[in-house]
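Got the viewer open and a selection box ready? Let's walk through this one stop at a time.

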Amino acid sequence: MTEKSAPPPFAAPLKRDHLMRRTLRDPAALGGLAVLVLVAAAGAAAPLLSPYGPDSSALSAILAPRSAAHPLGGDGVGRDVLARLLYGGRTSLIGGAIAVLVAFAIGGPLGLVAGFHRGWVDAAARWVNDVIMAVPAIIVMLAVMVVISQDLNVAMAVLGVIVAPLVFRLIRASVMAVREELYIDAARVSGLGEARILRRHVLPMVIAPSVSQAAQLFAIAIGIQAGLGFLGLGKASQASWGAMLNDAFTNVYNAPILLLWPGVTMAATIVAFGLLGTSIRDAMGGDDTVIQPVRRGPRPHTAAPVSASVSEGERPLLAVDDLRVTYARPDGDRTVVDGVSLTIHRGEVLGLVGESGSGKSQTAFAVLGLLPPQARVGAERLEFDGTDLTRLGDTAYNRLRGRRVGYIPQEPMSNLDPSFRIGFQLVEPMRRHLGLSSAGARDKALALLERVGIPDPMRVFRSYPHQISGGMAQRVLIAGAVSCDPDLLIADEPTTALDVTVQAEVLDLMRSLQQEQRMGMLIVTHDLGVVADICDRVAVMRTGKVVETASARELFHAPRHPYTRTLLDSTLEGAEPRKALSAPSQIKDGSR
Ligand SMILES: Nc1ncnc2c1ncn2[C@@H]1O[C@H](COP(=O)(O)OP(=O)(O)OP(=O)(O)O)[C@@H](O)[C@H]1O
């Protein structure tokens, strides 16, 4: 059996431990780190390394040459150069840290929320960002130092505010890239709340570029702080490399060597931060944004009913009546789902077919509550097992999705988070929805992997998504979708991304799981072959409307609507629909 081996969704899966190891393999990063550790340690141990305070002076030490008492000599006002260099390092590192922390404290959460929510939150955050960027940074800092405080740390806090837009933009861009990932949709569908999605799936992607940017901002802050010190700003008691340069400049003809110590130390520190930042960025793949988003590709066009086990008079599991989905556009509203009505009973499989753009996925997403915020949804009735979905809040929807309504997406690879092992991604929703212990959820996940035909469940359980094939990934997602024993399974083109041989197996698997658990199932598909294979009833959609609903057998033998006939003519080529399903078979996995 062959399976299409799907390409990994990212050039390289990014995990923090790998990132750290890759960064530290770079000699430049190691060298940079060593310099920074040295400067930090020397600053911390300043009182031990020099008996002088940073601003204690003695007449005898004015421009004193190097000696045992003053290993680097004395400056123009008789202060010990070594002591000032060490304490200046402290000032630089503390100041840099303040600037970076303030920048991230402001830009980080704003970027995270704006990138994830978009809409008015994003617009407001971008407006604030633009205002801050329009402020002339140096003038504001000079004004603050002259009017409010001479403390260099205050100036660095102001710098943090001024550079916060850089952090905002980076984090917003990273989050926007990752929120388009299908595995974020999948996480929502599996019922994970927003805070958890942000923490588990979005934050890890943001951390690596943030570390790289923090290193670069650190270097910038040290340079700017030195500039302020060089201009003579800062408290007299606050030793800084900039103030040392200022003093050295005043005495440049008498003692030019005074320029050397702060100049070299500061340059080495800035270069070290730069090297570290560049190394981290290179380790991430040479880009400031961590990920290259995988977007939904174009969906390719491709074509005996089984008896429905629906009890007469039973309340439908899903009842949709006159569903409308509308988007506002500059040229007027566009209704993409226009009065769709359908029902699904327990144990019944409904196929939603139609050409590309006819509104099938929008209908399914309306049921799942996953339409984008700009979509306007209205319905006479949109009920799942008697619950009015139009009145359901986010929390209640999250409880429903993943637990009572499962979802199988089209593109298996993109719906698995590349940062986490398969096992974790299966176990997490079961622990949350079913309250299982770690061991219980793990046992159930392994049993499910075996049930969906994966020959070595433990290996797959421990694998990252890029280590398994596309067909196997789809089985993993099917296992995940049924793991919490849902009542309704919604599958959006579940076999489109798989090759033909694997498609048949996956359909058989879905059908047998559906029958075992007597789930209702909604299958969105272009493919009338899929309909013939597993659907009890079919709704045919065209331009947002259902033009015909019929049992699968009726549809194939006596299509009523001309559009259905055209659809059948274009795909069936006179082939007879399959009479009965093959018995659910243990599926062998070939490629991996
Ligand atoms: N966010 C959106 N804003 C505006 N229009 C949208 C949006 N999302 C989808 N649409 C439009 O809604 C229509 C129906 O899309 P939908 O994805 O439901 O089609 P489909 O029948 O599932 O086709 P396909 O199988 O190709 O996805 C399309 O014309 C699409 O352009």
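Let's begin with one residue: is D322 buried, partly exposed or exposed, going by its C-beta neighbours inside 10 Å? Select D322 and count: there are 13 C-beta neighbours inside 10 Å, so D322 comes out as partly exposed. Keep in mind throughout that this is a predicted model.

**Stop 1: the hairpin**

While D322 is still selected, check its backbone. Its phi is near 55°, a positive value in a residue that isn't glycine. Now extend the selection to residues 318-327, and you have strand β1, where D322 is found.

Add residues 334-344 for strand β2; β1 and β2 pair in the antiparallel sense over 8 bridges. For one pair to highlight, take L323, which stands opposite V340 in β2. The two strands form a hairpin, with 6 residues between them. In that turn, click G332, where phi is positive at about 120°.

**Stop 2: the ligand**

Next, show the ligand and its shell. How many residues surround the ligand? There are 13, and the closest are V336, S356, K360, S361 and Q362. By type, the shell splits into 8 polar, 3 nonpolar and 2 charged residues. Colour residues 360-368 as well: that is helix α12, which gives the most to the shell, with 3 residues.

**Stop 3: the open sheet**

Now bring up the strands in the order β7-β8-β9-β3-β10-β11. They make an open sheet of 6 strands with mixed pairing. Why do β7 and β11 each have a side without a neighbour in the sheet? Select 405-408 (β7) and 545-551 (β11): these stand at the edges and have a single partner strand each, so one side of each is left free of a sheet neighbour. Look along the sheet and you'll find that the twist averages 15° from one strand to the next.

Zoom in on β7 and β8, which run parallel and are joined by 4 bridges. Y407 has I490 in β8 as its bridge partner. Then move to β9, at residues 520-525: β8 and β9 also run parallel, with 5 bridges joining them. Here the pair to pick is L489 and its bridge partner in β9, M521.

Stay on β8 and look at the side-chain directions. L488, I490 and D492 point one way, L489 and A491 point the other way, and all are buried. That makes 5 of the 5 residues of β8 buried, so the strand is largely enclosed by the rest of the structure.

Carry on past the end of β8 into the loop that leads to α18 (500-517), and you'll meet E493. This residue isn't a glycine, yet it has a positive phi of about 45°. Is E493 buried or exposed? It has 22 C-beta neighbours inside 10 Å, so E493 counts as buried.

**Stop 4: helices and a kink**

Select residues 194-230 to get helix α9, and centre on L203. The helix has a kink of about 50° there, shortly before the proline P204. Just after α9, G232 takes a positive phi of about 90°.

For a contact between parts of the chain, draw a distance from V202 to S174. Their C-alpha atoms are separated by 8.6 Å, although the two residues are 28 apart along the chain. S174 sits in helix α7, residues 152-179. With 25 other C-beta atoms within 10 Å, S174 is buried.

**Stop 5: the annotated spans**

The UniProt record, an unreviewed entry, places "transmembrane region" at residues 28-49, 93-115, 127-148, 154-171 and 253-276. Try two of those spans. Residues 93-115 are 100% helix and 0% strand, with the end C-alpha atoms 31 Å apart. Residues 127-148 are 86% helix and 0% strand, and there the end C-alpha atoms lie 27 Å apart.

**Stop 6: helix α21, then zoom out**

Select residues 562-571 for helix α21 and pick out R565. R565 has 13 C-beta neighbours inside 10 Å, so it counts as partly exposed. From R565 to L555 is 8.9 Å, C-alpha to C-alpha, across 10 residues of sequence.

Finally, reset the view. The protein chain holds 21 helices and 11 strands, and 48% of its 592 residues count as buried.

Conventions. Residues are numbered from 1 along each chain as its sequence is written. This is a predicted model: local features need pLDDT of at least 70, side-chain atom pairs count only at pLDDT 80 or more; totals for chains, interfaces and linings use all residues. A residue is near a molecule or strand if its C-beta atom, placed from the backbone, lies within 6 Å of it. Ala, Val, Leu, Ile, Met, Phe, Trp, Tyr, Cys and Pro count as nonpolar, Asp, Glu, Lys and Arg as charged, and the others, Gly among them, as polar. The bend at a residue is the angle between axes fitted to the seven residues ending there and the seven starting there. A residue is buried if 20 or more other C-beta atoms lie within 10 Å of its own, exposed if 12 or fewer, and partly exposed in between; C-beta atoms are placed from the backbone. UniProt positions are given in the numbering used here, feature names are shortened, and annotations may be inferred rather than shown by experiment. Two strands pair if DSSP finds at least two bridges between them. Axes are lines fitted to C-alpha atoms, for helices over the stretch in contact, and angles run from 0 to 180 degrees between N-to-C directions.
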